[in-house]
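Please open the model in your viewer and keep the sequence panel visible beside it. The tour below moves from one selection to the next and says what is there at each stop.

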Amino acid sequence: APPGSGKSTLVQILKFLIELVAGKELRVAQVGSDDLYMGQKQRRALGIDTRLDPRSLDEGFFGVVADLKQLKAGAPPVTVPRFDKGQDERNGFASIDGPLDIFFYEGWRVGVQKGDFVLPSGEVVQFDYSRLNAPIDYLMYLDADPEDVWTWKLNSSQQDHDKMKHRQDNWKPWTESDTEQLRQKWDRWMLPFLVDH
């Protein structure tokens with residue numbers, strides 16, 4: 001489902017409803033495909049300009065879905081990266097202990113099949129999320145109007161920008177130029193990926 005369509009919110013609602021029906025708190029883990037983004041330094045070393053490039057997920061963590069699905073009591077915890085989109089950088093790691101009653105893997109690239117993507121430069125690149133998708137038992141897709149998603153993306157990007165106000169010495173308020181640059185990224189990267197995959 002597209003960014004901003006409510007995937008993370010739906011996971012929280014499902015967790016609440018499942019626990020309500022079960023009559024007890026369950027051991028639930030949630031990992032987003034966004035958490036699997038490489039950091040900027042790692043992307044640059046591979047010639048990847050932006051995390052919007054479908055090759056920007058860290059293949060070193062492509063086994064995390066299978067590992068969490070199979071996590072048993074007493075087994076070593078599974079280490080999962082966390083990513084801060086506002087800083088466009090990996091933000092530490094989480095250790096998840098088993099056993100789990102339910103594991104949710106969500107994100108705008110979940111369930112996407114192996115394929116090609118045409119970069120804005122015209123170069124065609126390949127990506128393959130098969131190792132991430134293979135362990136999935138149930139797959140849900142949320143459909144959302146791309147223009148609604150664009151509006152959410154604009155609002156969330158402005159909020160992420162504003163959060164950096166106290167972290168950056170050279171921070172400047174969001175401008176119309178920032179909106180135009182974001183729209184270009186949307187039109188060149190996100191929308192084509194959503195439409196084609």
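Contact, as the word is used on this tour, means heavy atoms within 4.5 Å. The model is a predicted one, and every distance below should be read with that in mind.

**The whole chain**

Begin with the entire chain shown as a cartoon, where six helices and six strands can be picked out, and where the order read along the sequence is α-β-α-α-β-β-β-β-β-α-α-α. Along its principal axes the C-alpha trace spans about 50 × 35 × 35 Å. A compact globule of 197 residues would have a radius of gyration near 16 Å, and the 18 Å of this chain agrees with that expectation. If you colour by accessibility, 40% of the 197 residues count as buried, while the surface that the chain exposes comes to about 11700 Å², with carbon and sulfur atoms supplying 49% of it. Among contacts between residues at least 6 apart in sequence, 67% join residues at least 24 apart.

**Helix α6 and what it packs against**

Next select residues 176-196, which form helix α6; its 21 residues should span 30 Å at 1.5 Å a residue, and the 29 Å between its end C-alpha atoms agrees with this. Follow the helix as far as Trp186, where α6 bends by about 40°. Now show the side chains of Thr179, Leu182, Trp186, Trp189, Met190 and Phe193, which are the buried residues of α6. Which elements do the buried residues of α6 pack against? They pack against strand β5 (115-118), strand β6 (124-127) and helix α5 (146-163).

**Helix α5**

Keep α6 on display and add α5, whose 18 residues should span 26 Å at 1.5 Å a residue, in agreement with the 25 Å between its end C-alpha atoms. The buried residues of α5 are Val149, Trp150, Lys153, Leu154, Ser156 and Ser157, and these pack against α6. At the N-terminal end of α5, zoom in on Asp145, which caps the helix with a side-chain oxygen 2.7 Å from the backbone nitrogen of Glu147.

**The loop between α2 and α3**

Move now to Thr50, which is found in the loop between α2 (40-45) and α3 (64-69). Is Thr50 buried or exposed? Its relative accessible area is 13%, and buried means under 20%, so Thr50 is buried. Leaving aside residues up to four places away in sequence, Thr50 touches Arg43, Ser56 and Trp189; Trp189 is one of the buried residues of α6 that you displayed earlier.

From Thr50, step to Ser56, which also has its place in the loop between α2 and α3 and is buried, with a relative accessible area of 0%. Beyond residues up to four places away in sequence, the residues that Ser56 touches include Leu36, Tyr37, Met38 and Ile48. Arg43 is 13 residues from Ser56 along the chain, yet their C-alpha atoms are separated by 6.6 Å. Two polar pairs can be drawn from the side chain of Ser56: one of its polar atoms lies 2.8 Å from the backbone oxygen of Asp53, and a polar contact of 3.4 Å joins it to the side chain of Arg109.

**Around strands β2, β3 and β4**

Select Asp84 in strand β2, and draw the 3.1 Å distance from its side chain to the backbone nitrogen of Gln87. Asp84 also touches Glu89, Asn91 and Arg167, not counting residues up to four places away in sequence. In the loop between β2 (78-84) and β3 you will come to Asp88, which has a positive phi of about 55° although it is not a glycine. Continue to Pro99, in the loop between β3 (89-96) and β4 (102-106), where a cis peptide bond, with omega about 0°, joins Gly98 and Pro99.

**Last stop: Asp128**

Finish at Asp128, in the loop between β6 and α4 (130-133), which is partly exposed, with a relative accessible area of 35%. The side chain of Asp128 makes a polar contact of 2.4 Å with the side chain of Ser130. Where residues up to four places away in sequence are not counted, Asp128 touches Phe62 and Lys114. The C-alpha atoms of Asp128 and Gln113, which are 15 residues apart along the chain, are separated by 6.9 Å.

Notes: Residues numbered from 1 in each chain as written. Predicted model: local features only at pLDDT ≥ 70, side-chain atom pairs only at ≥ 80, totals over all residues. Heavy atoms only, no water. Helix = DSSP H or I, 4+ residues; strand = E, 2+ residues; numbered from the N terminus. Buried < 20%, exposed > 50% of the residue type's maximum accessible area, 1.4 Å probe, protein only. Polar contact = N/O pair within 3.5 Å; in protein donor to acceptor, adjacent residues only side chain to side chain. Expected span 1.5 Å × (residues − 1). Bend = angle between axes of the 7 residues up to and from the residue. Rg over C-alpha atoms; globule rule 2.2 N^0.38 Å. Areas by Shrake-Rupley, 256 points an atom, 1.4 Å probe, with all protein chains shown as cover.
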